[in-house]
Amino acid sequence: YGGAGEGSRLDNAISQANDGYLNSSSDQQQLLLKSQDADLDDISLSISRIGQVGLTIGEELETQGKMLEDLENDVEGTRGRLATAQRKMNQVLKKAGAKGQMAIIAFLTVLLIILFLLAFM
């Protein structure tokens, strides 16, 4: 009496429940994919910004490298001039002798005192 009808209704109910579960699961997966896409877009934007910062840092390092080269050239020039001045000073001291050296030291000391007084008075 109604066995086939009840089986058919049960199959329909199970089928509807399965369809509902699959639809719900599919909706959840779509939401998850949208969320992951948004996260990937954020990561891509962050990577792009980091790349720009890296380029800026590279340019700054290049500029500072050139500045260091210029400074090194200036220091080398100054070192050469200082060595020349020291050689000339040694020649003057050798020619002046002991008494001459004392006179030069006294003169330079007096000159230093005068310059100090002029600078700070």
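Which residues form a negative surface patch? In this predicted model, the patch is made by Asp37, Asp39, Asp41 and Asp42. One of these residues, Asp42, sits in helix H1, which covers residues 3–120. Asp42 counts as partly exposed because its relative accessibility is 49%, a value that falls between the cut-offs of under 20% for buried and over 50% for exposed.

**The overall picture**

Let us step back to the chain. It contains one helix and zero strands. The radius of gyration is 45 Å, well over the 14 Å that the globule rule gives for 121 residues, so the chain is more spread out than a compact globule. Measured out along its principal axes, the C-alpha trace spans about 145 × 35 × 20 Å.

How much of the chain counts as buried? Of its 121 residues, 1% do. The accessible surface comes to about 11000 Å², and carbon and sulfur atoms account for 63% of that.

**Charges and their pairs**

Charged side chains are a good next stop. The chain carries 11 positive and 16 negative side chains, with the centres of the two sets 33 Å apart. Side chains of opposite charge can pair when their charged atoms come close. A search of the whole structure turns up two salt bridges, listed here.

| Salt bridge | N to O distance | Place in helix H1 |
|---|---|---|
| Glu62 and Lys66 | 3.7 Å | four residues apart |
| Glu76 and Arg79 | 2.8 Å | three residues apart |

Glu62 and Lys66 are separated by about one turn of the helix. Glu76 and Arg79 are also about one helical turn from each other, because they are three residues apart in helix H1.

How accessible are the partners? Lys66 is partly exposed, with a relative accessible area of 49%. Glu76 counts as partly exposed too, at 42% relative accessibility.

**A nonpolar patch**

Which residues form the nonpolar patch on the surface? They are Met89, Val92, Phe107, Leu108, Val110, Leu111, Ile114, Leu115 and Leu118, and together they have about 830 Å² of accessible area. Met89, a member of this patch, is found in helix H1. With a relative accessible area of 37%, Met89 is partly exposed; that value is also over the 30% that a residue needs to be part of a patch.

Methods:
Residues numbered from 1 in each chain as written. Predicted model: local features only at pLDDT ≥ 70, side-chain atom pairs only at ≥ 80, totals over all residues. Heavy atoms only, no water. Patch = residues over 30% accessible without salt bridge, like charges linked within 9 Å, V, L, I, M, F, W, Y side chains within 5 Å. Areas by Shrake-Rupley, 256 points an atom, 1.4 Å probe, with all protein chains shown as cover. Salt bridge = Lys/Arg side-chain N within 4 Å of Asp/Glu carboxyl O. Lys, Arg positive; Asp, Glu negative; His and termini not counted. Charge placed at Lys NZ, Arg CZ, Asp CG, Glu CD. Helix = DSSP H or I, 4+ residues; strand = E, 2+ residues; numbered from the N terminus. Buried < 20%, exposed > 50% of the residue type's maximum accessible area, 1.4 Å probe, protein only. Rg over C-alpha atoms; globule rule 2.2 N^0.38 Å.
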